[in-house]
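Here are some notes to read with the structure open beside you. Take the points one at a time, and find each residue as it comes up.

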Amino acid sequence: MIRSTKSLCTSTQRTFRDVQSFCWGGDNKLYFSDANSTNCYISSINAEQGSMMNQLTNSAVYDMDPVTLDGKMVYFTRSGNFGPSIWSLDRSNGTLTSCAKGYNPCLIPNDPEAFYCVRNTSNGRSEIWYVNYVKGQESLILSDTEHSFTNPALSPDGKWLAVQGNAISSIDKKANLDIFVVRTDGTQLTLLTYNPNADLCPVWAKDGRSIFFISSRANKNMSYNIWKMNFNLE
């Protein structure tokens with residue numbers, strides 16, 4: 001579904017599939033994981049008109065979490081027998097490349113050979129990593145003995161990562177999901193949300209001064225809705 005963030009207008013449905021994850025590409029197309037009973041493929045569709053989809057991958061495993069800057073190179077998570085790994089698809093010639101282990105790729109506009117991603121430790125916690133898959137360079141950005149972090153989103157100025165992390169609510173003392181930010185050098189980890197309900201899947205506004213996220217707050221049925229909060233850290 002798409003709708004304007006500037007007004008309370010109606011939403012427009014763009015797909016009629018079981019969509020697991022998606023991104024808005026720089027070529028004004030939506031890239032999404034299309035799931036069925038046995039597989040999950042990466043597909044695309046025009047963001048502004050029509051409902052005809054284009055299937056981009058075809059495998060016997062699950063392809064999820066597509067991300068792209070321009071629609072020419074699409075990165076995604078492929079879950080196989082040896083755990084999740086990040087792959088790229090060159091749309092000009094159809095070449096598929098296995099880039100690195102991990103999942104939830106987050107692209108870096110001024111560093112096209114690299115991305116941030118999530119990796120799991122041996123005890124099941126998830127961490128945020130920086131990976132240059134061309135040079136073979138890898139750096140641990142965010143790890144904590146008490147928290148797991150997923151869904152990294154890079155701020156427009158390239159200085160911050162917004163992430164989804166598990167936390168203990170200061171209100172009801174129960175475990176839930178909240179939105180954190182951390183500098184891309186791994187410093188200044190800051191908790192942004194404190195609601196006892198789940199806050200997840202952060203996305204930056206284009207100007208970097210606010211963050212959109214999904215939350216089950218403020219309704220009796222704990223249904224998920226899209227929220228927006230200001231961001232003022234320097």
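1. Let us begin with a term you will need: a residue is called buried under 20% relative accessible area, exposed over 50%, and partly exposed in between. Keep in mind as well that this is a predicted model.

2. Try the term on Gln-188, which you will find in the loop between strand 15 (175-183) and strand 16 (190-191). Is Gln-188 buried, exposed or partly exposed? Its relative accessible area is 38%, so Gln-188 counts as partly exposed.

3. Now look at what surrounds this loop residue. With neighbours within four places in sequence left aside, Gln-188 is in contact with Trp-160, Val-181, Val-182, Arg-183 and Glu-234. Take Trp-160: from C-alpha to C-alpha it is 9.5 Å from Gln-188, while 28 residues separate the two in sequence. With Arg-183, the side chain of Gln-188 makes a polar contact to the side chain, at 2.9 Å.

4. Asp-199 makes a good second case. Asp-199 is part of strand 17, and its relative accessible area is 0%, so this residue is buried. Which side chain does the side chain of Asp-199 meet in a polar contact? The partner is the side chain of Thr-193, at 3.1 Å. Beyond the neighbours within four places in sequence, the contacts of Asp-199 include Gln-164, Leu-177, Phe-213 and Arg-217.

5. Strand 17 leads us to a sheet. Three strands make up this open sheet, in the order 17-18-19, with antiparallel pairing. Strand 17 (199-204) and strand 19 (225-230) are its edge strands, each pairing on one side only. On average, and ignoring direction, neighbouring strands here are turned by 30 degrees against each other.

6. Next, follow the pairing strand by strand. Four bridges link strand 17 and strand 18 in the antiparallel sense, and Trp-204 stands opposite Ile-211 in strand 18. These two strands form a hairpin with five residues between them, and in the turn Gly-208 has a positive phi of about 75 degrees. On the other side, strand 18 (residues 210-215) is joined to strand 19 by six bridges, again antiparallel. One pair to look for is Ser-210 with its bridge partner Asn-230 in strand 19.

7. Let us turn to the aromatic rings. How many aromatic pairs does the structure hold? There are seven. In one of them, the ring centres of Tyr-75 and Tyr-133 are 6.0 Å apart and the planes stand at 65 degrees, so this pair is edge-to-face. Tyr-75 lies in strand 6 (residues 73-80) and Tyr-133 in the loop between strand 11 (126-132) and strand 12 (137-142), so the pair ties together parts 58 residues apart in sequence.

8. You can use the first term again on these two tyrosines. Tyr-75 has a relative accessible area of 5% and is buried, whereas Tyr-133 is partly exposed at 24%. Together with Phe-115, Tyr-75 and Tyr-133 form one aromatic cluster.

9. Finally, look for arginines placed over tryptophan rings. Arg-78 lies over the face of Trp-87, 4.7 Å from the ring centre. Arg-217 has its charged end over the ring of Trp-227, at 5.3 Å from the centre. You have already met Arg-217, as one of the residues in contact with Asp-199.

How values were computed
Residues are numbered from 1 along each chain as its sequence is written. This is a predicted model: local features need pLDDT of at least 70, side-chain atom pairs count only at pLDDT 80 or more; totals for chains, interfaces and linings use all residues. Side-chain values use heavy atoms; hydrogens and water are left out. Rings of Phe, Tyr and Trp (its six-membered ring) pair if their centres lie within 6.5 Å; planes under 30 degrees apart count as stacked, over 60 as edge-to-face and the rest as tilted. Buried means under 20% relative accessible area, exposed over 50%, partly exposed in between (1.4 Å probe, protein chains only). A charge sits over a ring if NZ of Lys or CZ of Arg is within 6 Å of the ring centre and within 35 degrees of the ring normal. Two strands pair if DSSP finds at least two bridges between them. Axes are lines fitted to C-alpha atoms, for helices over the stretch in contact, and angles run from 0 to 180 degrees between N-to-C directions. Contact means heavy atoms within 4.5 Å. A polar contact is a pair of N or O atoms within 3.5 Å; within protein, one must be able to donate a hydrogen and the other to accept it, and residues adjacent in sequence count only if both atoms are side-chain atoms.
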